[in-house]
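The following exercises are to be solved with the sequence and the structure at hand. Please attempt each task before reading its solution.

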Amino acid sequence: MVQILFAAIKTGTPLLFIALGEVICEKSGILNLGQEGMMLMGAVVGFLVSYSTGNIGLGVISAMAMGVLMSLIFAVLVLHIGANQVATGLALTIFGTGLSAFIGADFVGQIIQGFQPVAIPVLSDIPYIGRILFSHDILVYFSFCMTVTLIYIVNKTRIGLTLKAVGENPHAANAIGIKVLRVRYLAVMFGGSMAGISGAYMSLVYTPMWVEGMTAGRGWIALALVVFASWRVGRIMLGAYLFGLASIMHLVLQGFGWSISPNLLAMLPYVATVIVMVIISADHFKEKLLAPRSLGKPFNPRNMA
Amino acid sequence: MIRIQARTEPSTLMKVASPLLAIVLTLIFGSILFTAIGKDPYQALHVLLIAPLADSYNIGEMFVKMGPLLLCAVGLSLCYRANMWNIGAEGQLLAGALGGSAIALYFIDSESVFALPLTLIAGILSGMLWAALPTFLKLRYNSNLILTTIMFNYIALYLLIWAVHGPLRDPDGYGFPESAIFSDTTLLPTIFESSRIHLGVLFAVLAGVVGWFILSKTHLGFQIRVFGADEPAARYAGFSGKKLSWFVMLFAGALAGLAGVSETTGPIGQLVPNVSPGYGYSAIIVAYLGRLHPIGAILAAIFMAVLYMGGDLAQIEMGIPVAVVSMFQGVLLFFLLACDFFINNRLISTNQATN
Amino acid sequence: MKKHNLISRLELTNITKQYPGCLANDNINLTLIPGEIHALLGENGAGKSTLVKTIYGVVAPDKGDIIWDGKEVSIKSPSIARDLGIGMVFQHFSLFETMTVCQNIELCLSKTQLSKIGNLTQRITELSEEYGLNVDPNRYVHSLSIGERQRVEIMRCLVQSVKLLILDEPTSVLTPQEVAGLFNVLRTLSKEGCSILFISHKLHEVTEICHKATILRGGKVVDTCVPSEETPATIAKMMVGDLAEQDAGYSKKEGSVEVFKTSNLSLPAKHPFGTTLKNINFDLKAGEILGIAGVAGNGQDELMAIISGEDDRNVKDGLSINGMNIGHLHAGERRKLGIANVPEERLGRGAVPDMSLTENTLLTHSDGFLKNGLVQWQSIKEYTTELISKYKVKCHGEFSEAKSLSGGNLQKFIMGREIGQAPKVLICAHPTWGVDVGAALAIHQALLELRDKGAAILLISEDIDELFLLADRMAAVCDGYLSPLVKTEETNIDQIGQWMAGTFINNANQAQEVSA
């Protein structure tokens, strides 16, 4: 059981990263469907840099930088050129999928030494909890810190208030002097960096190698996760670990000696995502109250006449 | 100095020119990329774009690839016109391949004339079913169509993989994850003697024409366009959003399902795990490149099919990874979205503006 | 305006702003002294909003100077304007509904302003008492009425101790009684030396409160005057130019048979920020106009949507036409029974912006234009051309896109299209909102003509004057309740104003309890 929860956290961590990025982005009113593409680029760049320099820390940083770069393509098209957010996000995913496969083609099958677990002294000695929470690698701890920091920023600071204002009513925000585009650029770029690190987690920790399309739809699941969490940062963490648990269910069931085809079990996270979305979205009234009200709608300060 | 100015009326010229401009820009981007990785850009572009049309065999193969792209893209064009963000053509295609194959395998020893039609109908119905599930969830439970259709793509893929490993595996296939090869009665006839162009390609062109007819000539098509362009107006006019949503989704599902079953009963001849090299996703680009217009989709599908062929040839002849195709598709869509900016805006020099 | 200061507070010289296809401001000059309440008058599209947005830093002028307290300034953003001491209350409020009053006000303040104030909640409470604004800093904005929201906007400006307060059509969303309250606040501010720039097109208000008025037409200053020395009629003449045809009084009629009826219509809000309809009862007779007054957001939109069927919830026997229940029918079926509809939102609801007028005709008028599901485009085209000439819609032709038409012309087109279907019942919301005088007159006459042909018309409007002009019977909505119905001749603005503020609600509730 402890082992299962430990694995759920490990599996949930890339989802946590990417969903944290996306929730900030969506809070500013921007829906970026390019998560999968940014994540794949993060994964391949993180792997390539680590592989060629031998420095996995540098790999993570490069992955984040790549994520930001990818998100900037999206940001320029959506925020400056006013392109449709859905189409641009799809383009970003298709582009990222292709480009990552293109530049990673020669590295498929290579293996590197990824991040190793670091048990936190004292805390990791707590029975059960210590094993589940405090015997991970450094990126997992980073994700803990990131979650706590974001909860604080979103709920307690003026930055959080500004973000919420821009996401709810960009026209009003513009009218009272908030620089809407700047806030949105930063939010999209933050999303990119989180997608990058999430990809790096896949290729440096989870399975320390590069395989084409290795994120297997996690970028999309993260989008569902944001809805599941009703745009609340704290709930994203819970949701990420629940999804993590769903993805390793096949291992658990096999452990119990059930003989179900692994191919059918591999559907579980996707089926779970659909079920969760149905349950969450069925309450239309509530979703309207919680979702950022300008989500996905274009805003052009030039049209303020 | 150059400045951006909003046009008072959208430019009709740019609406047509924008896809062409995007293609040119993508090719320029490609040349730079090929130079950067040390390949001869001229040769690379030649292999990608010219070679696929160099001889009649290649042209035939190009049309074989165009079929599924076009079938999916026509359906998606209607969906996107109605603002239904169906990203699920890939899953619907796989479902069609799976459902159709199950029936084809049932008729494997049969000589019945109904074998092929029933196989095709099974494929179409499977595609429709796969489109109906997310549609139902959206209309009944308000779930996000983009995400559910994506999830159903993955579910269809694993279902198909499961099927070729399990119930549909060829018992005499030495354990390979493939079905038995279909009997000739369930194979789509080819149209020309010398090429693999099969009936499915004809279906695709027909679908394009039907799609165009629906959109521009019928009241239903008008309602679809209103519903997508301006939902409050559609509700105001009393059009039933639910009916329209069901129609476009089932139409798209049927066409994607037909694409899937045409692949297995056409060029492939059996059910294999990699039925589609991402046709359902590429069809999104085709639909956009064709301006969500079924006739435009025919032209865009030809271009995309050339790119697919070129990608295969580039890998064989120059060692360029085949993923270059999907990357080009992304870039193409980026450029298209950027060029569309000039439908409603134009560049003017500031000297002129002050006059 | 007692202390005349030699230095003017604000001086605008030659402000010019060009938009694509429209010169919004053309060499505008304007001077404001401390404590002055200055009216900015003009029809829609005269350039008032552009001008005040220039002062507030939302719009950058192409040309011209702004002199503030004797110094030339460049106001590049609203935050610079606020630092100077300029505050603005927008027509469509710039408030965030999911935040508290206090958070809304905080967002407008710079860090230095915040630290100067110290405890913001306390400051808001103090100011609220001082000016009688009655604003609770801890309430969420979405729970506030429109009038309260406006006071929050004013509070936003007061917290920053403004020297110039700009109000964009502040009274259009208030009941007559609330307007009186607002004017008291403005007078207090004026006495303290705060200048006020007041945009309006309600002339009697301008003559009541303003010291000076500047009249804009077509982006130019055409006149200035001292309102107290003018009458509404003389000011109107300055606004419109040559005295355009004015609405004369129209005769009132009594409807004959009951055509349409709501019985105990109650409906919970569909959206978190919507209004719940509560036990609405009225009947609509053939050959009459029933006017419904009310401040925006009191249930008008919800009522429209449920009558037209755009809100697709089944209200069973809550609605009937000619005695037949229609609560379960969807919008298309109700249209077939003869209910036509002119919505408030012309572009984006009444007409599809990116479609031609021909296509927009087919939007609601498909009778006779279809053959086996196929559209007879040629005959629709001809019919549309007829509509355009009959209702004098100014456009390039039937191929023009709806969005290329001005508000008034699009409204004439929509009105013509709906009337052209010879409806039994016409629901019509804010038909002349934002429409120039000439178009308004044409629309009024079209409505009366339809009434005289025997149609039943439900007219929902925020403009009380318009209702008194057109309606044969009247009622008001407040918070989802409908007041009693009364003949227009037997009521007055004061009573309707009180109903708009909800004075009838307690009685209605009691009556309900008695009957229950």
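**Exercise 1: A sheet and its helices**

Within strand S8(C), Ser195(C) is the bridge partner of Leu164(C). The model is a predicted one. Starting from this pair, describe the sheet of chain C and the helices that pack on it.

*Solution.*

Step 1. Identify the paired strands. Strand S7 (residues 164-168) and strand S8 (residues 195-200) of chain C are joined by five bridges and run parallel.

Step 2. Place the pair in the sheet. The sheet is open and has six strands, in the order S6-S7-S8-S3-S9-S10 (chain C), with mixed pairing.

Step 3. Find the edges. Strand S6 (86-89) and strand S10 (220-225) of chain C each have a single partner strand, so one side of each has no neighbour in the sheet. From one strand to the next, the twist averages 20°.

Step 4. Add the helices. Helix H6 (residues 146-159) of chain C touches S6 and S7 of chain C, and its direction makes about 175° with that of S6(C). Helix H7 (residues 176-191) of chain C touches strand S3 (37-41), S7 and S8 of chain C; the angle between its direction and that of S8(C) is about 145°.

**Exercise 2: An enclosed strand**

Determine how strand S19 (residues 425-429) of chain C is enclosed and which strands pair with it.

*Solution.*

Step 1. Apply the burial criterion: a residue is buried if 20 or more other C-beta atoms lie within 10 Å of its own. Five of the five residues of S19(C) are buried, so the strand is largely enclosed by the rest of the structure.

Step 2. Examine the two faces. Val425(C), Ile427(C) and Ala429(C) are buried on one side, and Leu426(C) and Cys428(C) on the other.

Step 3. Find the partners. Strand S16 (residues 339-342) of chain C runs parallel to S19(C) and is joined to it by four bridges; Val342(C) has Cys428(C) as its bridge partner. Strand S20 (residues 456-460) of chain C also pairs with S19(C) in the parallel sense, over five bridges, and there Ala456(C) is the bridge partner of Val425(C).

Step 4. Trace the connection. The chain passes from S19(C) through helix H15 (residues 437-452) of chain C to S20(C), in a right-handed β-α-β crossover.

**Exercise 3: A helix in chain A**

What span does helix H11 (residues 233-247) of chain A reach, and against which helices do its buried residues pack?

*Solution.*

Step 1. H11(A) has 15 residues and spans 21 Å from first to last C-alpha, close to the 21 Å expected at 1.5 Å a residue.

Step 2. Its buried residues include Val233(A), Ile236(A) and Phe243(A).

Step 3. The buried residues of H11(A) pack against helices of chain A, namely H1 (2-27), H6 (138-156), H10 (218-228), H12 (249-255) and H14 (268-281).

Definitions and conventions: Residues numbered from 1 in each chain as written. Chains lettered and ligands numbered in written order. Predicted model: local features only at pLDDT ≥ 70, side-chain atom pairs only at ≥ 80, totals over all residues. Buried ≥ 20, exposed ≤ 12 C-beta atoms within 10 Å, placed from the backbone. Helix = DSSP H or I, 4+ residues; strand = E, 2+ residues; numbered from the N terminus. Pairing = 2+ DSSP bridges. Right-handed = clockwise from strand over helix to strand, strands pointing away. Axes fitted to C-alpha atoms, helices over the stretch in contact; angles between N-to-C directions. Contact = placed C-beta atoms within 7 Å. Expected span 1.5 Å × (residues − 1).
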